[in-house]
Amino acid sequence: MKILPHGWKKSPAPVWMALKTKSSSAVRIETRLTRLIRTRYPIIQGGMIWTSGWKLAAAVSRSGALGTIGAGSMDPILLGEHIDNLKA
């Protein structure tokens, strides 16, 4: 019997399952994270200051992962512009 560290619980189901979607033959990885954030893959793009604007966030999101805007150096007006462009 394998002993888990204090506080850890054994998962009753596999941590991930590869599924084929009905609409295509592409594989989708289903995990608790992908169900929570509603993405195809359990990947979150890091918000890198000055390099991850709305264009990168949109491209990552279109590919099935979670895209983010690196807003640490942005003033509120510029961040608003990035958000508006991302929504368009």
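I take contact to mean heavy atoms within 4.5 Å, and I keep to that sense throughout these entries on a predicted model.

**Entry 1: Ile37**

With that rule in hand I looked up the partners of Ile37 and, setting aside its neighbours within four places in sequence, I found this residue in contact with Ile44 and Leu66. Ile37 belongs to helix α1, and between its C-alpha atom and that of Leu66, 29 residues away along the chain, I read a separation of 7.7 Å. I also wanted to know whether Ile37 is buried or partly exposed. Its relative accessible area is 24%, and because buried means under 20%, I entered Ile37 as partly exposed.

**Entry 2: the overall layout**

I then stepped back to the whole chain, where I noted three helices and two strands, which follow one another from the N terminus in the order β-β-α-α-α. Of the 88 residues of the protein, 19% count as buried. The exposed surface of the protein comes to about 7,200 Å², and carbon and sulfur atoms supply 63% of it. For the contacts with a separation of 6 or more, I noted that residues 24 or more positions apart account for 16%.

**Entry 3: the loop between α1 and α2**

Which residues does Gly47 touch, leaving aside its neighbours within four places in sequence? I found Gly47, which lies in the loop between α1 and α2, in contact with Ser52, Thr68 and Gly70. I also looked at Gly47 and Ala71, which are 24 residues apart in sequence and 7.4 Å apart in space, C-alpha to C-alpha. The relative accessibility of Gly47 is 49%, so I put this glycine down as partly exposed, given that exposed requires over 50%.

In the loop that holds Gly47 I next checked backbone angles, bearing in mind that most residues other than glycine have a negative phi. Arg38, in the loop between α1 (32-37) and α2 (54-62), has a phi near 55 degrees, a positive value in a residue other than glycine. Trp50, also placed in the loop between α1 and α2, has a phi near 70 degrees, which again is a positive value in a residue other than glycine. I looked up the accessibility of both residues: Arg38 is exposed, with a relative accessible area of 76%, and Trp50 counts as exposed at 77% relative accessibility.

**Entry 4: α2 against α3**

Where does α2 meet α3, and which residues make the contact? I first took the geometry, in which the axes of α2 and helix α3 (residues 76-87) come within 9 Å and cross at roughly 35 degrees, the crossing being right-handed. On the α2 side the contact is made by Trp54, Ala57 and Ala58, and on the α3 side by His82, Asn85 and Leu86. Sorting the residues of this contact by type, I counted four nonpolar, two polar and no charged.

I followed Trp54 further, to two residues of α3. Ile83, which lies in helix α3, is 29 residues from Trp54 in sequence and 6.9 Å from it in space, C-alpha to C-alpha. Glu81, also found in helix α3, is 27 residues from Trp54 in sequence, with 8.9 Å between the two C-alpha atoms. As to accessibility, Ile83 is partly exposed with a relative accessible area of 35%, and Glu81 counts as partly exposed at 42%.

**Entry 5: salt bridges**

How many salt bridges does the model hold? The count comes to one, and I identified the pair as Arg35 with Glu30, the closest N and O atoms being 3.0 Å apart. That distance of 3.0 Å satisfies the rule, because a side-chain nitrogen of Lys or Arg has to be within 4 Å of a carboxyl oxygen of Asp or Glu. I then asked how each partner of the bridge is placed with respect to the surface. Arg35 is partly exposed, with a relative accessible area of 45%, whereas Glu30 counts as buried at 16% relative accessibility, since the limit for buried is under 20%.

Methods. Residues are numbered from 1 along each chain as its sequence is written. This is a predicted model: local features need pLDDT of at least 70, side-chain atom pairs count only at pLDDT 80 or more; totals for chains, interfaces and linings use all residues. Side-chain values use heavy atoms; hydrogens and water are left out. Helices (H or I, at least four residues) and strands (E, at least two) are DSSP runs, numbered from the N terminus. Buried means under 20% relative accessible area, exposed over 50%, partly exposed in between (1.4 Å probe, protein chains only). Axes are lines fitted to C-alpha atoms, for helices over the stretch in contact, and angles run from 0 to 180 degrees between N-to-C directions. A crossing is left-handed if the near helix is turned anticlockwise from the far one by less than a right angle, and right-handed if clockwise. Ala, Val, Leu, Ile, Met, Phe, Trp, Tyr, Cys and Pro count as nonpolar, Asp, Glu, Lys and Arg as charged, and the others, Gly among them, as polar. Accessible areas come from the Shrake-Rupley method with a 1.4 Å probe; for residues, only the protein chains shown count as cover.
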